[in-house]
Amino acid sequence: MYLLKKAMTLIGCTLVLHAAAQQPDSTKIKDNNIQTKIKTRPWQGVSTLPWLSQDKLFTTAAVSTASGYLLAKNPETNSSNALGGLLAGLISRQNSSEPGSDNATLNIRGFTSYNALSPKIYVDGIERNLASIDPLELESVTILKDNAANGTFGIRGSGRSVMATTRRGVANTNEITFTAQQGIQYRGAAPEMLGARQYMQLYNEAAANDGLPAKYSPAQIAAYDDPRRNPLVYPDVNWYDELVKKSTTQSRYNLSLSGGNANFRYFALLGYLHQGGIFNYGDVNRKDFNFRNNTDFKRYNFRTNLDLQVTKRLTASLDLSGRAEDRNYPGTPVPIIFNNISTYPGQEFPMLYPDGKIGGNTQFLDNPYGLLTATGYNTEFRRTFLGTARLKQELDMITPGLSISAAFAFDNYFFVNGGRSKTFAVYAQQPDSSFSAFGVDGLLNARGRSNDQDRQTTFYTNLTYERTFGKHTVNGFINYNQSYENAGGFDYPYASQGIASRLTYIFNKKYVAEFNGSYSGSENLPPGKRFGFFPSFSAAWIVSAENFMQQQHVIDFLKLRASYGYTGNAEITGSGTRRFLYQDYYETGNSYTFGSGANTLTGRRQSRLANPGVTWEKLQTVNAGVDLYFLREHFNVSVDAFKEKRTNILTDPNLSATIGITLAPVNAGIIENKGIDWELGYKLEKNRWGFQVAFLGSYNENKLIYNNEVYRAYDYQKRTGRMTGAIFGLQQEGFYSTKEAATINSEMGSAPAQKSIPQPTFGVVKAGDMKYKDQNGDHLIDTYDEVYLGTSLPKLYYGIRAGFHYGAFDMTLLFQGSGGNIIDLRNVTTTGFQNGSRPSTYVLDRWTPETAEAAGYPRLSVVSNALNYRSADFWFAKGDYIKLKNVEIGFTTPLRYQGRLIVKKMRVFANASNLFTWSRLPVKWMDPEMSAAGIGNYPRMKMVNTGVQFTF
């Protein structure tokens, strides 16, 4: 794959670099005046797993972990965006760069359902939102990939899981850290729209192609050759440059305190974030009406994690955190504004007249400037409070190694929005200098307010046992858990309940056997059928601990792992959002008249028949993995191969509409998924310098086995046997010549078998129209000729992490890429004049009689053209890309004054994100990760950030 080769080249380039890309390989333990430095081997430590962490050495599960140290090197303020490229097996796709709405969509090991399914996210063991957590709060993020890792989540485990842990205080290491950062966000590439003169010329050409008269006279077009023309009469508005700034600012400040002693430990953090908007004219209403119409996002966050040793055997912890988010938007939704920026021509009217009137006419009533500045504003205020209390009691007075623990969490989220709204008129100047108004300049009115509240309680308790008998070690737990969420004040809360267990046996610190199981259920299933049992089995062999490995000096550590098991998913709604599929659904029906007074009453009608046998989706997973460190730990390899089968996927039944009612989805779908994920690394430390590089990623392919597919006449059109996200379309074979178009039109009334050229069924053919392949040989071009073109979902996702450090200086690099998918190029900048679009320079390679032999784009048309703009391979391109996701350089030193230590550590740094992207898209302003960015949505933003951190 082209970009994978480029990625490997970059690996070679970055082998001359390193940074401390992971946390240090040693831990300092301070006891009074004695400080000891203990070396930590990379296979030692703790694995974050459901309900109870586990010794990393004996973990049999497939997991990947990124440290908070790594996350903090990215200037992204949304933790979900910072994860991309850091965890093998994780797919992270950012949906928007709009302040406050820049969450990433996460998937682990690809896509195993054609219904919406995302991993569950747990923060300190409680299901919570990761996106708005400040990266500086995080200690680590771990993804759980196989059923050995997710097995104890049971009915909530088949979407897989993300486990985040927040920072906690460490005894005898009291620190105060202040971090200040200031960044500039730059917009991505803007669409290259045609200027007024070129627009008018091409519009007249398109009209001629359709047999229509020219819209613009030669005199109108020639007027744009005069640089001294009157811009009010002959405007040429570049809407993007007028309304969208080239950059905006971002500010972040954090203060944290951590430390304690053997009996009490604490971590506390205060944070502030401000992201400015990208629009010009964001303050035009500030003076007269005291509001801003720009996008604006402020976040205030806090966290306190407290740990207390109450008695010798009893420990307690209390975690409190919260955030307040204030958001401001224009009165018109941002996507609508960008859509009009991309579609409104520049020569029809000026943006503004000198006296402040907003330009427009009867055809163009929604001047983008008016949408931005004259429709009021929207505000959102979001408040979140999270609290968790934990207790743990050692029970070694009963038997050594026995303990019991419990946790209770209460989360509250509140949202309210408001603002003001108004309407505006647009004006067109007449030849006599008078103005015609279209629309009404309305008053500023109060916008309807709405609010929402979400409350969630979680409780779980563990009975844990761990003990070693000679060469035999046994450990495990039995867990009870329940969660209860009242979302949006809904009368029917979301609830889950379960019993989980993990039992581990270790022999001679070499051989590990483990069982994970959960008996769990959901409120979303029929009474009496809500609970199920989900087992998984796993094993590991620590080969490097064998006697026959002790005489060699190449392999430092080698572990082989394997797992097999089942998990489920009960968050099933099918193609809609309605829950409780086991119940009949009724909705408001028609009215009926009663009595002689023409009194009407509204009735109810049944709109969906129940599925009384609805049940959970089931995921069966087989996983095999190896963890290897060799050549004095300079090299490391971790590879997992997996095969999965998801059954009982909710599928809409295919029934005739004559039944007169909708049926609830049924558990019929089957998808298989297989792939591999890996992490390869090398590091070297020499005195004051060192370097490190890692290449990690995943590759997977899924296959739709069954989804109750409708009958298709040809096997090549079947979705079954293809990947999910399959895209079908016609195959282009060039453009029709004048002679071919005439032949097709002359044979239009002939029988298909008598046609010398296959006849398109999508309208009259003209020279320069797309010519497609007749797949079935019936001498017609229709939907039966659509074939598989590819999938919209990436198969390959990878990251390259590298860097260098020398003395007090360090540098890190992170590249991220994906491949194996195709991207639809059709949007308002690429489809000519279709549906009122404004052409870009992408159409300049169009077909004309003069360019017929070399054209790379169909003829232009101002009328709807069903032949040229339908799904076809011409409109899709490979979505492979690699980007420089993050780079940071820094300098760290203590500060002394007259020999006295003033600041333990001062770090000055600069970092950047999304600086460069290399892709194979022919539309150079399209972002391969966010194809609508800057066209029909907020532009992709690049960030350059500087900061200073003081640790006392």
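Is H779 buried, partly exposed or exposed? Select H779 and find out: with a relative accessible area of 28%, this residue is partly exposed. Keep in mind as you click around that this is a predicted model.

**Two odd backbones**

While you have H779 on screen, check the backbone. Its phi is near 65°, a positive value in a residue other than glycine. You'll find H779 in the loop between β38 (770-772) and β39 (780-781).

Now jump to L631, another non-glycine residue with a positive phi, here about 55°. L631 sits in the loop that runs between β30 (617-630) and β31 (635-651). Turn on the surface and you should see some of L631, since its relative accessibility of 37% makes it partly exposed.

**A hairpin and the strand beside it**

Next, select 494-507 and 511-522. These are strands β24 and β25, and they pair in the antiparallel sense over twelve bridges. For a landmark in the ladder, pick R502, whose bridge partner in β25 is N516. Then go to the turn: three residues lie between the strands of this hairpin, and N508 takes a positive phi near 55° there.

Add residues 531-542 to the selection. That is strand β26, which runs antiparallel to β25 and is joined to it by eleven bridges. To see one of the contacts, show V512 together with its bridge partner in β26, A540.

**Rings**

Time to colour the aromatics. The count comes to 51 aromatic pairs. A good one to zoom in on is Y857 with W875: the ring centres are 5.8 Å apart and the planes are at 90°, so this pair is edge-to-face. Both residues lie in the loop between β43 (822-824) and β44 (876-878), so the contact ties together parts that are 18 residues apart in sequence. Don't look for either ring on the surface. Y857 is buried at 1% relative accessibility, and W875 is buried too, at 0%.

Widen the selection to F735, Y842, Y869 and F874 as well. Along with Y857 and W875, these residues form one aromatic cluster.

Two charges over rings are also worth a stop. Show R870 and F762: R870 lies over the face of F762, at 3.6 Å from the ring centre. Then show R688 and Y806, where the charged end of R688 sits over the ring of Y806, 5.3 Å from its centre.

**A nonpolar patch**

Switch to a surface view and select I176, F178, Y253, L255, L257, L270, F302, F385, F408, F410 and F952. Together they make a nonpolar surface patch of about 930 Å². Strands β12 (175-187), β13 (247-260) and β18 (402-421) are the elements that give two or more residues to it. Which element gives the largest share of the patch? That is β13, with three residues.

For a single member to inspect, take F178 in strand β12. F178 has a relative accessible area of 33%, so this residue counts as partly exposed.

**Salt bridges**

Last stop: the charged pairs. Side chains of opposite charge can pair when their charged atoms come close. Across the whole structure, a search finds 53 salt bridges.

Start with K924 and E192, whose side chains meet in a salt bridge at 3.3 Å, N to O. This pair links distant parts of the chain, 732 residues apart: K924 is in the loop between β46 (900-919) and β47 (941-951), and E192 is in the loop between β12 and α5 (196-209). K924 is exposed, at 61% relative accessibility, while E192 is partly exposed at 31%.

Now select E888 and R907, which meet in a salt bridge at 2.8 Å, N to O. E888 lies in strand β45 (residues 881-897) and R907 in strand β46, so the pair ties together parts that are 19 residues apart in sequence. Are these two partners buried or exposed? E888 is buried, and so is R907.

Before leaving the charges, show D283, R286, R292, D296 and K298: salt bridges that share partners join them into one network.

Finish with K120 and E127, another salt bridge, at 3.5 Å, N to O. K120 is buried, with a relative accessible area of 13%, whereas E127 is partly exposed at 24%.

Terms used: Residues are numbered from 1 along each chain as its sequence is written. This is a predicted model: local features need pLDDT of at least 70, side-chain atom pairs count only at pLDDT 80 or more; totals for chains, interfaces and linings use all residues. Side-chain values use heavy atoms; hydrogens and water are left out. Helices (H or I, at least four residues) and strands (E, at least two) are DSSP runs, numbered from the N terminus. Buried means under 20% relative accessible area, exposed over 50%, partly exposed in between (1.4 Å probe, protein chains only). Two strands pair if DSSP finds at least two bridges between them. Rings of Phe, Tyr and Trp (its six-membered ring) pair if their centres lie within 6.5 Å; planes under 30 degrees apart count as stacked, over 60 as edge-to-face and the rest as tilted. A charge sits over a ring if NZ of Lys or CZ of Arg is within 6 Å of the ring centre and within 35 degrees of the ring normal. Patches are made of residues with over 30% relative accessible area and no salt bridge: like charges are joined within 9 Å, nonpolar side chains (Val, Leu, Ile, Met, Phe, Trp, Tyr) within 5 Å. Accessible areas come from the Shrake-Rupley method with a 1.4 Å probe; for residues, only the protein chains shown count as cover. A salt bridge is a side-chain nitrogen of Lys or Arg within 4 Å of a carboxyl oxygen of Asp or Glu.
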